[in-house]
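Hi,

As promised, I am passing the structure on to you. Please load it first and keep it open while you read.

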Amino acid sequence: MAILEAINPTLTAGWHQPDLRDMNRDTGWRLKDYEARGGYQALKKVISDKLSQDQVIAEVKTSVLRGRGGAGFPTGLKWSFMPKGAPEKYIVCNTDEGEPGTFKDRDIMRLDPHSVIEGMIIAGYAVGATRGYNYIHGEVYELYQRFEEALDEARAAGYLGKNVLGAGFDFDLFAHQGYGAYICGEETALLESIEGKKGQPRYKPPFPANVGLYGKPTTINNTESLASIPYILRSGGQSFLDLGKPNNGGTKLFSVSGHVNKPGNFEVPMGTPFATLLEMAGGVRAGRKLKAVIPGGSSAPVLPADLIMDCTLDYDSIAKAGSMLGSGAVIVMDETVCMVQALERLSWFYYEESCGQCTPCREGTGWLYKVIHRIEHGLGRPEDIDLLNDVAGNIMGRTICALGDAAALPVRSFVKHFRSEFEYHIEHKKCLVPRDVQKAGSTFHTRLMAGALC
Amino acid sequence: MLEIEIDGKPLQVEEGKMLIEAAHAAGIYIPHFCYHKKLSIAANCRMCLVEIEKAPKPMPACATPVAKGMKVFTHSALAVKAQKDVMEFLLMNHPLDCPICDQGGECQLQDLAVGYGSSAARFQEEKRVVSNKNLGALVATDMTRCINCTRCVRFTQEIAGLMELGQAFRGDRAEIMSFVEKTVDSELSGNIIDLCPVGALTSKPFRFSARTWEMARRKSVSPHDGLGSNLIVQTQHDRVKRVLPLENEQLNECWLSDKERFSYEGLNSTERLTRPMVKQGGKWQEVDWNVALDYAAHALRDVAKNHGAAEIGMLVSPHATLEEMTLAAKLTHGIGSKNIDFRLRQADFSADGKRKGTPWLGMKVAELNTLDRVLVVGSFLRKDHPLLAQRLRQAAKKGAQISLVHSAQDDLLIKLFAQATVAPSQLPTQLAEVVKAVAALKGVAADPALAKVGAGGTASAGSAANQETAQKIAASLVAGSKAAVLLGNFAQQHPQAALLNALAQQLAGLLGAKFGFLGEAANSVGGYVAGAIPAADGMNAAAMLAAPRKLYLLLGAEPEFDCADGMRAMAALQQASSVIALSSYKSAAALDYADVLLPVSPFSETSGTFINTEGRVQSFYAVVKPQDETRPAWKVLRVLGNILELDGFNYESSEQVRDELLGGKTDFVTGLDNAIDAMAKEIPTAAAGIERIADVPIHFADALVRRASSLQATADASVPSARINAATLAKLGVAAGDMVKVGAGGLATLLARLDDGVPDNCVRVAAAHASTVGLGPMFATLTVERA
């Protein structure tokens with residue numbers, strides 16, 4: 001994928017397009033290019049203006065930058081939770097981008113790794129951490145390698161290490177390659193994984209700000225959140241906030257996939273109408289009718305076309321419609337989609353990725369998948385729909401981490417908005433959407449027929 | 001203290017407590033599986049979800065700290081629904097095979113399913129099946145029943161000290177397993193059976209032999225190490241079926257070592273002696289009690305009359321009860337002998353007559369957890385005292401600095417602060433180095449007797465590294481506020497045990513610390529209290545064997561395994577004109593050397609008392625009837641006294657014996673004191689040649705455990721080998737894997753194995769095993785050559 005279009009870009013301004021034939025031919029990601037487009041100016045400004053830690057945090061609070069990993073928690077507020085004066089603290093970047101539909105951090109890491117490094121140095125300075133880790137998803141090994149190269153450049157230039165730019169503070173940054181487990185994107189499972197243990201979430205409280213990596217106070221931020229920091233410090237928090245709308249600062253990357261003509265990443269200001277984004281992505285392919293959209297990655301509840309078309313792209317509008325902006329992964333489904341089959345695929349993912357630690361998720365995700373699988377394969381029973389709803393409800397809010405909710409929300413929303421399709425499936429032992437229509441709409445199928453590489 | 005309210009009941013709760021603790025303390029039960037008071041909080045089973053006012057969703061009571069004004073509802077509609085929903089998830093993949101499950105009737109899942117389970121299952125899919133694991137000879141697995149509470153995992157990691165189990169795989173494919181086909185070899189492994197809330201982990205020796213409700217539960221006391229763990233012995237048809245811990249926070253907490261838990265198999269051993277026997281004309285015959293007792297009395301009278309009572313020696317097992325020891329002493333004295341001893345593995349008796357009191361732990365067992373500095377001297381701590389080691393492990397986790405001066409480097413699974421490993425002959429030197437260093441740090445003039453030790457001295461052969469370690473240990477001890485010096489079994493069995501005692505005493509004096517002995521056996525304190533030690537002109541255990549007697553009385557002892565020099569013991573017994581053995585077992589050795597075998601009860605078939613290493617008096621009753629013609633030893637001794645027409649043998653009960661001895665005191669004994677007077681501190685020079693390091697492996701230590709077949713199949717009971725470090729192997733011209741002839745008093749042929757935890761010029765050969773009895777004394781210089 002690539003950055004295809006942007007409105008008022010802050011993150012992607014000046015990015016080169018990736019070379020789709022060979023990543024090694026990418027240009028524009030190196031330190032000199034980053035510096036040429038204003039990179040590391042924010043860090044230098046923090047140093048030359050002698051901004052205090054509190055001033056940096058205040059600036060980020062002003063920007064109302066909300067966590068881009070999915071939860072949307074205000075980044076500045078998160079930083080302010082770090083205890084002052086603790087001798088050993090950590091800042092961790094969460095690049096374990098595993099949510100189906102999400103591929104924005106991959107482009108940031110590929111085309112602009114130094115923005116993450118700069119963001120982490122500033123974050124480290126602000127919270128008083130002298131060490132940082134960037135946990136990179138296992139299935140993008142080449143990005144891990146690139147990040148290591150970028151780290152070498154930054155170290156050689158004095159941005160990292162002892163006495164950063166002679167400013168009197170130390171900051172070291174390390175890349176950590178994950179192994180592809182979705183659960184390691186959960187921040188405390190991620191910490192366990194860095195510590196060399198099995199990636200399983202920790203019970204909270206205590207929160208990482210008090211007991212985090214190696215038991216020390218730790219702040220964990222998403223890649224995009226950290227990459228947004230340099231702009232905020234360079235141009236001011238207010239300027240960032242003004243790009244978006246109140247309570248939803250800045251611009252954001254949206255990964256648009258599914259049944260659109262131009263899938264890819266788009267940077268738009270928060271509050272942009274969904275219709276605009278859909279238009280930027282070339283609209284629904286082949287002039288078909290929009291059926292549904294998952295607006296924030298696979299764990300966000302699905303929204304039928306009429307609801308999503310009224311939304312603007314910000315945390316509040318989508319929450320009001322009953323879903324989540326999440327990580328900004330917009331999965332577009334047109335009228336050729338069988339919603340039972342789509343849910344079966346999603347449920348299989350959560351069944352596969354449940355860590356197995358706590359009971360409701362360990363047992364419940366498998367149950368959900370098995371029932372949906374049965375319905376999809378013509379073995380559904382009338383009581384199954386209520387059973388699904390109930391089992392999903394019994395998982396929600398009962399688990400150690402949010403994976404339980406993530407598995408349950410799609411089920412409940414699919415059943416809520418598309419109950420008739422489930423009923424049809426159970427009654428007629430086949431899809432409401434005729435088989436040939438589904439086949440005609442299958443991207444996988446048409447691409448394969450065209451001889452394209454998947 | 002905080003004020004909270006649970007189910008409308010106002011409570012005062014200590015800050016930092018979890019809700020479940022507060023509720024349970026107030027008698028409000030919250031259902032749970034993964035929570036266990038001794039383990040870290042996992043919050044994974046979700047069974048303890050409760051409703052908290054103002055919380056948007058139910059919270060796990062095990063992981064929610066109490067907060068001021070909190071209002072908790074454990075039985076509200078929301079809470080009960082959450083609990084029932086979790087129960088449904090737990091049961092959906094559970095096989096529900098209670099009728100064929102060994103846990104049936106004592107299963108937390110079964111119990112809670114009655115209250116929280118539904119009578120019909122909504123889960124109609126195929127259930128998960130999990131393959132079983134081989135965890136060794138003690139713990140059986142039915143992993144399909146596992147609910148992944150991870151109690152067993154946390155136990156191995158946190159209490160036993162080594163994470164031998166873990167949860168592999170994810171989701172509903174998650175399985176508890178050991179590390180790549182390894183068995184669970186911890187000496188505390190049996191506790192995971194108790195911890196498992198379902199029937200996934202059950203007792204391999206016990207399973208399928210009885211239902212819990214068919215068995216009687218009786219209290220008892222462990223007859224093994226000095227801790228005196230409290231037991232629940234479960235019996236059926238007058239047989240001991242299994243042993244469980246009886247919780248006692250002051251001693252074993254809720255744990256048992258595997259030895260304590262599984263040694264009961266030895267009670268039902270085919271080697272049990274159940275009829276009195278006498279040897280006539282070289283042939284053994286089963287006889288009536290009165291015949292056997294007459295025979296024994298006659299032999300005693302005969303030797304006393306013809307050779308003098310001093311030719312009679314009494315060897316008492318330190319695992320015998322207080323009452324048995326008391327009557328044994330009385331009998332010995334009654335017939336005019338002064339030769340009685342229970343300290344069978346001791347080699348140095350020079351402190352006798354100089355002791356101010358009975359040697360003991362020097363503190364309460366529970367105090368071990370509160371120490372901040374500990375020096376352990378000469379101890380195979382983890383195997384000799386599994387649960388005391390566990391306490392020190394917890395202390396170390398809280399920051400206590402634990403150091404070890406010893407002749408072996410077995411992994412104690414305790415984070416050691418410092419460790420000096422020296423040849424046995426160097427143990428006093430090493431300890432003296434610590435004493436000197438502490439004196440220097442305290443600015444006190446060192447004892448002139450220690451002048452020879454260390455730099456410039458002549459006695460020390462200590463390496464620079466060991467001297468440095470001594471300094472490090474000294475600095476650690478001096479910096480502590482609650483320090484203790486503990487002498488282990490190895491130090492007590494050492495040829496300079498008295499010197500080690502004196503040095504420890506001096507060290508403790510300098511530090512203002514406590515010092516004590518880790519009691520080797522159930523009645524290591526009781527033996528002194530009962531007077532089962534020789535009077536001034538009597539012979540101790542070693543002397544009786546060094547200068548063989550005409551007649552030996554053995555009470556529970558198997559001298560070939562239980563004495564410091566098994567070979568010498570065998571020779572002495574074989575040459576004796578008469579050996580009267582009061583024993584629960586007929587071993588091949590006893591059939592060879594003895595003339596009369598009197599079947600006496602093991603601890604399970606007699607009432608009695610053990611005094612543990614902290615001086616705690618613990619009496620117990622018989623849990624089953626004596627097998628066949630077996631009789632409690634105190635009764636046998638009483639009748640023997642009567643037949644010999646000795647005074648003061650008219651006891652009606654064992655309690656009467658105890659009360660007369662202890663003056664009716666039944667909590668702690670008095671007269672405990674580790675100090676010895678006026679001990680000359682002659683620090684020995686290093687021994688020339690190759691030295692033996694003899695451990696008494698955990699499952700060879702006493703007659704009962706030696707016959708516990710499942711324990712004998714564990715890694716801890718493997719056949720002894722000659723363990724030698726690389727340098728010494730090279731020097732001896734032997735390779736690991738060679739068979740070697742090791743010689744001291746006698747010879748033993750053993751497999752040489754590389755063990756770099758053995759100091760230079762030493763060979764580690766375990767004692768108390770048939771293959772090494774022929775070798776001779778536990779402490780000796782050896783010859784080693786390729787066989």
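Below are my notes on aromatic contacts, one helix and one sheet.

Please bear in mind that this is a predicted model.

**Aromatic contacts**

Counted over all chains, there are 21 aromatic pairs. One of them is A:Tyr351 with A:Tyr369, a stacked pair with 5.7 Å centre to centre and 10° between the planes. This pair links distant parts of the chain, as A:Tyr351 belongs to helix H14 (residues 339-353) of chain A and A:Tyr369 to helix H15 (residues 359-376) of chain A, 18 residues apart. Both tyrosines, A:Tyr351 and A:Tyr369, are buried.

Helix H15 of chain A also carries A:Trp367, while B:Phe89 lies in helix H2 (residues 77-92) of chain B, so their pair joins two chains. The ring centres of A:Trp367 and B:Phe89 are 6.2 Å apart with the planes at 90°; because planes over 60 degrees apart count as edge-to-face, this pair gets that label. A:Trp367 and B:Phe89 are both buried.

Elsewhere in chain A, one aromatic cluster is formed by A:Tyr90, A:Tyr133, A:Phe174 and A:Tyr214.

You may also like two places where a lysine meets a ring. The charged end of A:Lys252 sits over the ring of A:Phe254, 5.6 Å from the ring centre. In chain B, the ring of B:Phe649 has the charged end of B:Lys330 over it, 5.9 Å from its centre.

**Helix H14 of chain A**

Back to the helix that holds A:Tyr351. Does its length agree with expectation or differ from it? At 1.5 Å a residue, the 15 residues of H14(A) should span 21 Å, and the end C-alpha atoms are indeed 21 Å apart, so the two agree.

Eleven of those 15 residues are buried, which means that H14(A) is largely enclosed by the rest of the structure. Among the buried ones are A:Leu343, A:Leu346, A:Phe349 and A:Tyr350, and also the charged residues A:Glu344 and A:Glu353. What do the buried residues of H14(A) pack against? Their partners in chain A are strand S9 (290-294), strand S12 (329-334), H15, helix H17 (403-417) and helix H18 (419-428).

**A sheet in chain B**

Chain B has an open sheet of five strands in the order S19-S18-S17-S20-S21, with parallel pairing. Strand S19 (416-421) and strand S21 (514-517) are its edge strands, each pairing on one side only. From one strand to the next, the twist averages 15°. Within the sheet, S17 (residues 373-377) and S18 (residues 401-406) run parallel and are joined by five bridges. B:Val376 has B:Leu404 in S18(B) as its bridge partner.

Best wishes

Notes:
Residues numbered from 1 in each chain as written. Chains lettered and ligands numbered in written order. Predicted model: local features only at pLDDT ≥ 70, side-chain atom pairs only at ≥ 80, totals over all residues. Heavy atoms only, no water. Phe/Tyr/Trp six-rings, centres within 6.5 Å; stacked < 30°, edge-to-face > 60°. Helix = DSSP H or I, 4+ residues; strand = E, 2+ residues; numbered from the N terminus. Buried < 20%, exposed > 50% of the residue type's maximum accessible area, 1.4 Å probe, protein only. Lys NZ or Arg CZ within 6 Å of the ring centre and 35° of its normal. Expected span 1.5 Å × (residues − 1). Contact = heavy atoms within 4.5 Å. Pairing = 2+ DSSP bridges. Axes fitted to C-alpha atoms, helices over the stretch in contact; angles between N-to-C directions.
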